[in-house]
Amino acid sequence: LMALSLVAMVSTTALAGAKLKISDEAMMDLGYRIQVLGIQSEENRDEEAGLDSMRDWKIRRARFRLKTVVNEHVWGFLQTDVGSDNKMVIKDAFIVFNAHPQWLSFYAGQNMAPANRQNLTSSGALMAIDRPGLAYKSLTWGARALHTFSNRTFGGTDSGLRSNVERDTGLTVFGSGALSDMASLKYYAGIYDGIQAAGEDDDRFTFRGQLNFWDAEGSYYNSS
């Protein structure tokens with residue numbers, strides 16, 4: 001049934017943007033991403049004999065993004081999306097201060113916390129139309145395991161942990177650069193709003209280090 005869902009999947013993505021140069025250093029970059037998802041599958045939904053046909057259409061992503069560059073040291077990013085109630089929500093809202101061109105940058109605001117590689121893979125760089133369902137949920141999302149391209153949840157996989165859905169608010173220290181002609185390193189360290197469970201409010205602390213041989217992967221976000 002999972003294979004049938006994959007074969008029957010139809011997806012289309014539209015991308016566009018415009019850049020406005022303010023000075024030799026300052027600029028604004030405005031763009032959007034729209035992804036429409038169609039699903040056709042056969043499954044047993046009423047616990048009776050036989051399979052039921054299910055067809056569904058979704059707006060998987062509908063995002064406006066705005067990047068503003070002040071100078072070589074300071075820039076900011078804002079991104080919205082359509083939430084589950086079809087209302088616009090803020091996905092990313094952070095500013096960046098580059099204290100060093102490679103080894104020291106500060107990301108402050110709402111952003112993807114560096115909990116695992118999937119969290120740090122940009123939706124604009126995915127090889128398929130979405131993230132792998134079984135590797136998708138880290139503690140940021142409450143450890144729920146998904147199927148049908150991140151649209152439905154397997155029962156019994158919810159840990160009950162909650163924080164900001166997909167993103168978290170806090171401060172990340174990031175750096176990347178070459179160690180030699182054959183190796184490069186990038187690291188993340190941060191403190192965030194964290195998880196609220198059983199009436200508690202605990203911060204989240206994360207650290208991630210990544211060593212690449214030969215080809216470097218230097219940006220904050222990964223390619224799929």
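**Exercise 1. In which strand is the place of Glu 200?**

Solution. Before we start, this is a predicted model, where local features need pLDDT of at least 70, side-chain atom pairs count only at pLDDT 80 or more, and totals for chains, interfaces and linings use all residues. Residues are numbered from 1 along each chain as its sequence is written, and side-chain values use heavy atoms, with hydrogens and water left out.

Step 1: Glu 200 sits in strand β11. Helices (H or I, at least four residues) and strands (E, at least two) are DSSP runs, numbered from the N terminus.

Step 2: with 46% relative accessibility, Glu 200 is partly exposed. Here buried means under 20% relative accessible area, exposed over 50%, and partly exposed in between (1.4 Å probe, protein chains only).

Step 3: Glu 200 belongs to a negative surface patch together with Asp 193, Asp 201, Asp 202 and Asp 203. Patches take residues with over 30% relative accessible area and no salt bridge, joining like charges within 9 Å and nonpolar side chains (Val, Leu, Ile, Met, Phe, Trp, Tyr) within 5 Å. Asp and Glu count as negative, Lys and Arg as positive, while His and the chain ends are not counted. A charge is placed at NZ of Lys, CZ of Arg, CG of Asp or CD of Glu.

Step 4: strand β11 (residues 200–213) gives the patch its largest share, 4 residues.

**Exercise 2. Lay out the chain from the N terminus on.**

Solution. Step 1: count the elements, and you get 1 helix and 11 strands.

Step 2: put them in order, and they run α-β-β-β-β-β-β-β-β-β-β-β.

Step 3: look at burial, where 38% of the 224 residues count as buried.

**Exercise 3. Work through the aromatic pairs.**

Solution. Step 1: there are 12 aromatic pairs in the structure. Rings of Phe, Tyr and Trp (its six-membered ring) pair if their centres lie within 6.5 Å; planes under 30 degrees apart count as stacked, over 60 as edge-to-face and the rest as tilted.

Step 2: take Trp 75 and Tyr 107, whose ring centres are 6.1 Å apart with planes at 90°, so this pair is edge-to-face. Trp 75 is in strand β4 (residues 74–82) and Tyr 107 in strand β6 (residues 104–111), so the pair ties together parts 32 residues apart in sequence. Both Trp 75 and Tyr 107 are buried.

Step 3: now try Phe 174 and Tyr 188, a tilted pair at 4.9 Å centre to centre and 40° between the planes. Phe 174 in strand β9 (residues 168–178) and Tyr 188 in strand β10 (residues 183–197) are 14 residues apart, and the pair links distant parts of the chain. Phe 174 and Tyr 188 are both buried.

Step 4: put these rings in context, since one aromatic cluster is formed by Trp 75, Phe 77, Phe 94, Tyr 107, Phe 174, Tyr 188, Tyr 220 and Tyr 221.

**Exercise 4. Which residues form a nonpolar patch on the surface?**

Solution. Step 1: the members are Leu 179, Met 182, Leu 211, Phe 213 and Trp 214, with about 600 Å² of accessible area together. Such areas come from the Shrake-Rupley method with a 1.4 Å probe, and for residues only the protein chains shown count as cover.

Step 2: find Leu 179 in the loop between β9 and β10. Leu 179 has a relative accessible area of 52%, so it is exposed.

Step 3: move on to Trp 214, in the segment after β11. Trp 214 is exposed as well, at 63% relative accessibility. Its phi is positive, about 65°, although Trp 214 is not a glycine.

**Exercise 5. Compare where salt-bridge partners sit.**

Solution. Step 1: the structure holds 6 salt bridges, each a side-chain nitrogen of Lys or Arg within 4 Å of a carboxyl oxygen of Asp or Glu.

Step 2: one of them joins Asp 81 and Arg 63, with the closest N and O atoms 3.0 Å apart. Asp 81 is in strand β4 and Arg 63 in strand β3 (residues 52–69), so the bridge ties together parts 18 residues apart in sequence. Asp 81 is buried at 5% relative accessibility, and Arg 63 is buried at 8%.

Step 3: another joins Arg 117 and Glu 217, with the closest N and O atoms 3.0 Å apart. Arg 117 is in the loop between β6 and β7 and Glu 217 in the segment after β11, so the pair ties together parts 100 residues apart in sequence. Arg 117 is partly exposed at 33%, whereas Glu 217 is buried at 17%.
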